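User: I'd like a close look at one part of this model, please, followed by how the rest is laid out. Here is what I have on screen.
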Amino acid sequence: MPGPGMEYIGEEEKKEVLDVINSGYLFRYGDSSNPSFKAKVWTLEKEFSEYAGSRYALAVTSGTAALLTALQGLGIGPGDEVIVPGYSFVASISAIVYSRAVPVLAEIDKTLNLSAADIEKKISSRTKAIMAVHMLGNACRMDEIMEVAGKYSIPVIEDTAQACGGSYKGKKLGSIGRAGAYSFNIYKTMTSGDGGMVATDNEEIYKRCFAFHDQGHTPNRQGVEIGNRSMLGLDFRMNELTGAVALAQLRKLEAVLRHLREIKKVFKNGIAALKNIEFRELPDPEGECATVLTIILPTREIAENVGERLGAKVLLNSGWHVYRNMEQLLQKRTSDSKSCPFNCPYYGRDVKYEKGMLPQTEDILSRSLNLSVGLRDKGIGAAWGLGPKDMVGDAEKKAEEFVDMMKDLLK
Ligand SMILES: Cc1ncc(COP(=O)(O)O)c(C=O)c1O
């Protein structure tokens, strides 16, 4: 089952897409003097940057492309280390590897996000970025992370793929660090099938990101192109059809999140009286995306029993979101095993990725389960719970059902 954005696709998206088809312009660039050209991608970028509170926003083809572009924007490359939590989707790590940099895995804490205390232990003279991943719709402890980053003058990239629209102390997630990366795949708060966004306040980073995502061009290919391209880039451009869907989705995102927060609150209150159940720590409960309700049980055994009754996996077993389940990472299998990043001459030391290397992460994840609220995704361990269009009454009933199912186990 897809995420909340997908379930709210409707007339607005159809209208935007038809607009593009009728215009005859599918490419993000068009004749701006021709009123037929609708400039959906450009409009999306403008509205997104206002929404996210970042000076610049750059639309790309996916969240993975957004991460890779952001890393390139920051100039991350061979010999560099990037600190990343051991609990994240594999793409956070792949984007670092394909920047030819070395991912250094760090622990999570009970926010289920990167532990600021562990970042400090993982910093070396080669650390060139910290990737703070806002997992499952909730903020990292950004004050603590920004403080450690500031102490060592290391930029923070926020992987906001799972938390587009969330906020922390009044700031939108993705706008707090040097750059933010977002995903619009079908499991996310807003979707365009695939797609992504990079956001930053820094003009230089924006220009580098733009050039990287569009064959070295200056923003919007304005100014002289030939003879003036700053670098070799690639093509991660968003097209107008994707931009049209994303634009309609962005315009309804706040309403979708408001609804999810409302039903989640009722669901959570309804099960809070159960004994031996703890909730994931939320650094800013007001700003959560509320796509899942994560519970933490006292032991792995109890968590597995609860999971069995729900038909759900504990988070430790939730596929490619946990480093120990990323067999390609454990075996360092990349497209270029002979050189970068692991055998990179600039790097010159051996890094190992082994099961058990992040004991705190494994302990927390082995005792954690997701109840779905707006996101039903077995892959992240959210197999049971509410759908994004369920109402307060459904949340009350689901909570009662949960209490009934678990009362002999969680007493
Ligand atoms: C934390 C995280 N980062 C990055 C990505 C990659 O996004 P995409 O699938 O759009 O490439 C995802 C996608 O699930 C994600 O969850």
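Of the 16 residues around the ligand, which come nearest?

Analyst: Happy to help! This is a predicted model, where local features need pLDDT of at least 70 and side-chain atom pairs count only at pLDDT 80 or more, while totals for chains, interfaces and linings use all residues. Residues are numbered from 1 along each chain as its sequence is written.

Nearest to the ligand come G63, T64, F89, A161 and S183, out of 16 residues around it. A residue is near a molecule if its C-beta atom, placed from the backbone, lies within 6 Å of it. Helices α4 (63–73) and α5 (90–97) each give at least two residues to this shell, and α4 contributes the most, with three. Here, helices (H or I, at least four residues) and strands (E, at least two) are DSSP runs, numbered from the N terminus.

Now the rest. The protein has 13 helices and 12 strands. A compact globule of 411 residues would have a radius of gyration near 22 Å, and the 21 Å of this protein agrees; the radius is taken over C-alpha atoms, and the rule is 2.2 Å times the number of residues to the power 0.38. Of the 411 residues, 53% are buried, meaning that 20 or more other C-beta atoms lie within 10 Å of the residue's own; exposed means 12 or fewer, and partly exposed is in between, with C-beta atoms placed from the backbone.

Helix α13 (residues 392–406) shows both kinds. A395, K398, A399, F402 and M406 are buried in α13. They cover an arc of only 100 degrees around the axis, so they sit on the same side of α13; the arc is that of the directions from the helix axis to the C-beta atoms. On the other side, G393, E400 and D404 are exposed. The cover over the buried residues of α13 includes α9 (240–271) and α10 (300–310).

Finally, an open antiparallel sheet has three strands in the order β10-β11-β12. β10 (278–279) and β12 (368–372) are the edge strands, each with a single partner, so one side of each has no neighbour in the sheet. Strands pair if DSSP finds at least two bridges between them; β11 (residues 292–296) and β12 have five, in the antiparallel sense. Within that pairing, L293 stands opposite L371 in β12.

Note on methods:
Contact = placed C-beta atoms within 7 Å.
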